[in-house]
Amino acid sequence: MKKFLLLMFSVLILLTGCNKKKNMDGENFKSYMEKKGYSIHDVYKQYSSELVTSALIALNDKASYQIEFLEFKSEDYAKNSFQANRTLFRENKKDDDKEESVSKDNHSKYTLITDDMYYVISRKDNTLIYLTVDGSYKEDIDEILKDLGY
């Protein structure tokens, strides 16, 4: 009986480990976005090397919008950037616009939907995804963010 329980416990641990998403980093982001048909541009030199380890922009095939990905040297840097960008987004908010904010454990996300724009800032651990796009792309963006775990 003990051997059976030990075996079942081992299988349970292995199965839960299989469902775990790989931590996002610049290479994973680049690989996923290229498979989706986006062109990737390295913009690391535009940021402070003391704060950021990776900075990428994914541009859709029509060049009508971009998704920015930043990997910070620490989670605190990512949290500070999230707060600053959320404040900037809120400056665009009008009374009838829809905003949503979620924060739990290692993840924070803020979205703002205006008459014609969709704003997203999403942090996971020490990484950040930032975008401001025409509202007509919301469904495409939401699918990408879901796939990436943001």
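These questions and answers walk through two helices, a strand residue and a pocket of a predicted model.

Visitor: Which residues of helix α2 are buried, and what arc do they cover around the axis?
Guide: Helix α2 spans residues 26-35. Its buried residues are Gly-26, Phe-29, Tyr-32 and Met-33. They sit on the same side of α2, because around the axis they cover an arc of only 135°.

Visitor: Which residues are exposed on the other side of α2?
Guide: Exposed here means over 50% relative accessible area. On the side of α2 opposite the buried residues, two residues are exposed: Glu-27 and Lys-35.

Visitor: Which residue caps the N-terminal end of α2, and at what distance?
Guide: The cap is Asp-25. One of its side-chain oxygens faces the backbone nitrogen of Glu-27, and the two atoms lie apart by 3.2 Å.

Visitor: What is the phi of Gly-37, which follows α2?
Guide: Gly-37 comes after α2. Its phi is positive, near 95°.

Visitor: Which residues of α4 are buried, and within what arc do they fall?
Guide: Helix α4 covers 138-148. Ile-141, Ile-144, Leu-145 and Leu-148 are its buried residues. They line one face of the helix, because seen down the axis they fall within an arc of 95°.

Visitor: What do the buried residues of α4 pack against, and which exposed residues are on the face turned away?
Guide: The buried residues of α4 pack against α2, β3, β5, β6 and β7. In turn, α4 is among the elements that cover the buried residues of α2. The face of α4 turned away from its buried side carries the exposed Glu-139 and Lys-146.

Visitor: Is Phe-69 buried or exposed?
Guide: Phe-69 lies in strand β3. Beyond its neighbours within four places in sequence, its contacts include Gly-26 and Phe-29, both buried residues of α2. Buried means under 20% relative accessible area. Phe-69 has 0% relative accessibility, so it counts as buried.

Visitor: Which elements each supply at least two residues of the lining of the largest pocket?
Guide: The lining includes Lys-98, Glu-99 and Glu-100, as well as Lys-109, Tyr-110 and Thr-111. Lys-138 and Asp-142 also line the pocket. The elements that each supply at least two lining residues are β4 (98-104), β5 (107-113) and α4.

Visitor: How many residues of the lining are charged, and what space lies in the largest pocket?
Guide: By class, the lining has four nonpolar residues, one polar and six charged. The space in the largest pocket is about 180 Å³.

How values were computed:
Residues are numbered from 1 along each chain as its sequence is written. This is a predicted model: local features need pLDDT of at least 70, side-chain atom pairs count only at pLDDT 80 or more; totals for chains, interfaces and linings use all residues. Side-chain values use heavy atoms; hydrogens and water are left out. Buried means under 20% relative accessible area, exposed over 50%, partly exposed in between (1.4 Å probe, protein chains only). Helices (H or I, at least four residues) and strands (E, at least two) are DSSP runs, numbered from the N terminus. The arc is that of the directions from the helix axis to the C-beta atoms. Contact means heavy atoms within 4.5 Å. A polar contact is a pair of N or O atoms within 3.5 Å; within protein, one must be able to donate a hydrogen and the other to accept it, and residues adjacent in sequence count only if both atoms are side-chain atoms. On a 1 Å grid over the protein atoms alone, a cavity is a set of points where a 1.4 Å probe fits but cannot get out, and a pocket is an open set with protein on both sides within 12 Å along at least five of seven lines; lining residues have an atom within 4 Å of a point. Grid points are joined across faces, edges and corners, and a volume is the space filled by probe spheres set on the points. Ala, Val, Leu, Ile, Met, Phe, Trp, Tyr, Cys and Pro count as nonpolar, Asp, Glu, Lys and Arg as charged, and the others, Gly among them, as polar.
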